[in-house]
Amino acid sequence: MPLGWTRSDEFGILTVVGQGDVGRRDIEDYLNATVREGTKSHAKLVDMTVGNLDLDRDDLESVARTLLEYGVGGGAGPVAMVVHGALNIDMAVLLKQRVGPRPFRVFTDPLEARGWLMSLVRPLSANPMPR
């Protein structure tokens with residue numbers, strides 16, 4: 001699977017790792033899984049440093065539209081996408097421009113991306129109080 005993810009820490013940040021070629025279907029499957037798993041609202045660190053966005057023009061438009069719909073009505077967590085390579089950076093910036101007003105930034109340094117996400121989230125309670 002080109003995209004794998006785990007909820008990695010006490011902040012509830014999802015770490016998403018792309019390996020090899022990551023296409024439109026892979027991204028759509030991942031987004032659908034976050035809805036099913038109840039992690040749509042979590043902050044996401046998307047690490048594409050060893051992956052390649054394999055999107056043609058139509059795919060890029062479709063993914064941008066899907067990301068916009070994903071964020072409609074709120075509820076979608078912030079995204080820090082880490083990419084390397086000119087083509088990946090260009091595609092990530094194009095996607096960022098189309099996702100709407102939710103927090104979405106493109107980075108080339110994973111530590112910088114994580115720091116930005118951590119500035120937006122609070123630690124999850126280790127012992128949540130019953131309601």
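These notebook entries record what I looked up in one predicted model.

**Entry 1. Ground rules.** I number residues from 1 along each chain as its sequence is written, and I work with heavy atoms for side-chain values, leaving out hydrogens and water. The model is predicted, with local features needing pLDDT of at least 70 and side-chain atom pairs counting only at pLDDT 80 or more, while totals for chains, interfaces and linings use all residues.

**Entry 2. Helix α2.** I took secondary structure from DSSP runs, with helices (H or I) of at least four residues and strands (E) of at least two, numbered from the N terminus. Helix α2 covers residues 57-71, which is 15 residues. From first C-alpha to last it reaches 21 Å, close to the 21 Å expected at 1.5 Å a residue; the expected span is 1.5 Å times one less than the number of residues.

I then examined the two ends. At the N-terminal end, Asp56 acts as the cap, with a side-chain oxygen 3.1 Å from the backbone nitrogen of Asp58. Just after the helix, Gly73 has a positive phi of about 80°.

Which residues of α2 are buried? I find Asp59, Leu60, Ser62, Val63, Ala64, Leu67 and Tyr70. Buried here means under 20% relative accessible area, exposed means over 50%, and partly exposed lies in between (1.4 Å probe, protein chains only). The cover over these residues includes α1 (24-37), β3 (44-53) and α3 (86-98). I note as background that an α-helix has 3.6 residues a turn, so residues three or four places apart point the same way.

**Entry 3. The nonpolar cores.** I used the definition of a nonpolar core as a set of buried Ala, Val, Leu, Ile, Met, Phe, Trp, Tyr and Cys residues joined through side-chain atoms within 4.5 Å. The largest core has 25 residues, and Leu3, Ile27, Met48 and Leu55 touch the most other members. Two or more residues each come from β2 (14-22), α1, β3, α2, β4 (79-83) and α3. Which element gives the most to this core? It is α2, with 5 residues. Another core lies apart from it and has 11 residues, among them Phe11, Ile13, Leu45 and Val82.

I listed contacts (heavy atoms within 4.5 Å) for two of the central members. Setting aside neighbours within four places in sequence, Met48 is in contact with Leu3, Gly18, Val22, Leu53, Val82, Val83 and Asn88. Ile27 lies in helix α1 and counts as buried because its relative accessible area is 11%. With the same sequence exclusion of four places, Ile27 is in contact with Leu3, Val22, Leu53, Leu55 and Val63. I also checked Ile27 against Phe11: the two are 16 residues apart along the chain, and their C-alpha atoms are separated by 23 Å.

**Entry 4. The cavity.** I searched a 1 Å grid over the protein atoms alone, where a cavity is a set of points that a 1.4 Å probe fits but cannot leave, and lining residues have an atom within 4 Å of a point. Grid points are joined across faces, edges and corners, and the volume is the space filled by probe spheres set on the points. The count is 1 cavity of 30 Å³ or more. The largest cavity holds about 210 Å³ of space. It is lined by 18 residues, and those closest to its centre are Ile27, Tyr30, Val46, Leu67 and Met81. At least two lining residues come from each of β2, α1, β3, α2 and β4, and β3 gives the most, with 4 residues.

**Entry 5. Thr34 and Thr39.** Thr34 is in helix α1 and is buried, with a relative accessible area of 0%. What does the side chain of Thr34 make a polar contact with? The partner is the side chain of Tyr70, at 2.5 Å. A polar contact is a pair of N or O atoms within 3.5 Å; within protein, one must be able to donate a hydrogen and the other to accept it, and residues adjacent in sequence count only if both atoms are side-chain atoms. Beyond four places in sequence, Thr34 is in contact with Leu14, Thr39, Lys40, Lys44 and Tyr70.

Thr39 sits in the loop between α1 and β3. I classed Thr39 as buried because its relative accessible area is 10%.

**Entry 6. Helix α4.** Pro110 is in helix α4 and is partly exposed, at 36% relative accessible area. Not counting neighbours within four places in sequence, Pro110 is in contact with Leu45 and Val82.

Terms used:
On a 1 Å grid over the protein atoms alone, a cavity is a set of points where a 1.4 Å probe fits but cannot get out, and a pocket is an open set with protein on both sides within 12 Å along at least five of seven lines; lining residues have an atom within 4 Å of a point.
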